[in-house]
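Here is a short report on a protein with a bound ligand. Look at the overall fold first, then at the ligand shell and the backbone details.

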Amino acid sequence: MDLSNISTIREVLTRHGFTFSKKLGQNFLINPTVCPRMAEACRAAAGVGVLEVGPGIGVLTTELAARAEKVCAVELDSRLLPVLSETLAAHENVHVVQGDVLKLDLPALLAQEFPRLKIAVCANLPYYITSPVIMKLLESRLPVESLTVMVQKEAAERLCAAPGTRACGAVSAAVWYYAEPELLFPVGRGSFLPSPNVDSAVIRLRIREQPPVRTADEASFFRVVRAAFCQRRKAAVNAVSAGLSLPKATVQAAFQALCLPETMRAEQFSLEQFAALTDRLYPVH
Ligand code: SAM
């Protein structure tokens, strides 16, 4: 069954009485070249377990299943379960779990699904939860080697933007803290049914074994980063002081001690400078 063929998709979905939900970000891939590329990019192979978020009708799932040892696919929409039972019938190494990826206990799920396997995440993510899903996957410190995900093109550029560059935001800084991101390839809006009104791109985040900077308190580090970017057009001195309810003089003194210009904005900070600022503002004794 060719799951990227529009006639096949329409026939299967009509037979199951399925209608697309915009709310759940249901835009299914119909470009036959994209899923094989994603499956290769995530290094699905013997000895590798792949966690997929949102299998839809299983177009990416079948490509992953053909390469990986096992695939666990988490789908929120229970209406797709009978569809997936049919489209994935030939793949015994796929387990579909019905649930919300944002609510599931992912460390427990991965331990149960993939004992003794290397693990990768691969997904065409629903647009409405791109950042929360990526942040949950990163912050949970899952034993995964990489995340290969399709997201909206603008989100891909933002997520991959390096600290110290104009496009960097709080989420990009967090991505760089946990992973080494790479923009892989663009995917036009015409590659989906129904066609969304935005283009997409596939990115790969290779999870770091250790963060690239050390800070005494990680939670404070992320609070400083978020505060600095919260008012990104302002000088970071003011944004950090306002965002963390710290006296401006305290933040100014920290900037001076670190030789950081007071005019500096969040997008000009390196991760090392954010870490140094955090340790000045919140010293751990
Ligand atoms: N993988 C399929 C493809 O590429 O054609 C479908 C991708 S579609 C962009 C996103 C999928 O995620 C849909 O099947 C949708 O039902 C599912 N989804 C939406 N929110 C979800 C959530 N919170 N947890 C798990 N799956 C979700």
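The text below moves from the whole chain to single residues.

## Model and overall build

This is a predicted model. The mean pLDDT of the protein is 96, and 100% of the residues score at least 70. The model has an ipTM of 0.99 and a pTM of 0.95.

The protein has 285 residues, and 39% of them are buried. Its secondary structure comprises 12 helices and nine strands. Along the principal axes, the C-alpha atoms fill a box of roughly 65 × 40 × 25 Å. Take the contacts in the protein with a separation of 6 or more: 65% of them come from residues 24 or more positions apart.

## Two domains

The domain assignment splits the protein into domain 1 (6-207) and domain 2 (218-281). Their centres, taken over C-alpha atoms, are 34 Å apart. Contact between them involves 11 residues of domain 1 and 10 residues of domain 2. On the side of domain 1 that touches domain 2, seven residues are nonpolar, three are polar and one is charged.

An unreviewed UniProt entry annotates residues 34-209 as "domain: Ribosomal RNA adenine methylase transferase N-terminal". Over residues 34-209, helix accounts for 34% of the chain and strand for 28%. The end C-alpha atoms of that stretch lie 29 Å apart.

In domain 2, helix 10 is worth a look. Helix 10 spans residues 236-243, and its buried residues are Ala236, Val237, Ala239, Val240 and Ser241. What do the buried residues of helix 10 pack against? They pack against helix 9 (218-230) and helix 11 (248-257). As background, an α-helix has 3.6 residues a turn, so residues three or four places apart point the same way.

## The ligand shell

How many residues surround the ligand? The shell holds 22, and the closest are Phe28, Gly54, Gly56, Leu76 and Asn124. By class, 13 of the shell residues are nonpolar, six are polar and three are charged. Strand 1 (28-29), helix 3 (59-67) and strand 3 (70-75) each give at least two residues to this shell.

The unreviewed UniProt entry lists Asn27, Leu29, Gly54, Glu75, Asp100 and Asn124 under "binding site". Gly54 and Asn124 appear in that record, and both are also among the closest residues to the ligand.

Gly54 sits in the loop between strand 2 (48-53) and helix 3. Is Gly54 buried or exposed? Gly54 counts as buried, because it has 23 C-beta neighbours inside 10 Å and the cut-off is 20 or more. Leaving out residues up to four places away in sequence, Gly54 touches Glu75, Ala123, Asn124, Leu125 and Pro126.

Asn124 belongs to strand 5. Asn124 is buried too, with 26 C-beta neighbours inside 10 Å. With residues up to four places away in sequence left out, Asn124 touches Leu29, Gly54, Leu60 and Met150. Two of these partners, Leu29 and Gly54, are on the UniProt "binding site" list as well.

## Backbone details

Most residues other than glycine have a negative phi, and most peptide bonds are trans. The table gives three residues with a positive phi.

| Residue | Phi | Place |
|---|---|---|
| Arg116 | near 70° | loop between helix 5 (106-113) and strand 5 (118-124) |
| Cys259 | about 55° | loop between helix 11 and helix 12 (271-281) |
| Ser245 | about 50° | just after helix 10 |

Are Arg116 and Cys259 buried or exposed? Arg116 is exposed, because just 7 other C-beta atoms lie within 10 Å and the limit for exposed is 12 or fewer. Cys259 counts as exposed as well, with 8 C-beta neighbours inside 10 Å.

Which peptide bond is cis? The bond from Leu193 to Pro194 is cis, with omega near -15°. Pro194 lies in the loop between strand 8 (192-193) and strand 9 (200-207).

## In brief

The ligand has a shell of 22 residues. Within that shell, Gly54 is buried, and so is Asn124. Away from these two, Arg116 is exposed in its loop, and Cys259 is exposed in the loop between helix 11 and helix 12.

Methods. Residues are numbered from 1 along each chain as its sequence is written. This is a predicted model: local features need pLDDT of at least 70, side-chain atom pairs count only at pLDDT 80 or more; totals for chains, interfaces and linings use all residues. UniProt positions are given in the numbering used here, feature names are shortened, and annotations may be inferred rather than shown by experiment. Helices (H or I, at least four residues) and strands (E, at least two) are DSSP runs, numbered from the N terminus. Two residues are in contact if their C-beta atoms, placed from the backbone, lie within 7 Å. A residue is near a molecule or strand if its C-beta atom, placed from the backbone, lies within 6 Å of it. Ala, Val, Leu, Ile, Met, Phe, Trp, Tyr, Cys and Pro count as nonpolar, Asp, Glu, Lys and Arg as charged, and the others, Gly among them, as polar. pLDDT is the predictor's confidence in each residue, from 0 to 100. Domain bounds come from an automatic or database domain assignment.
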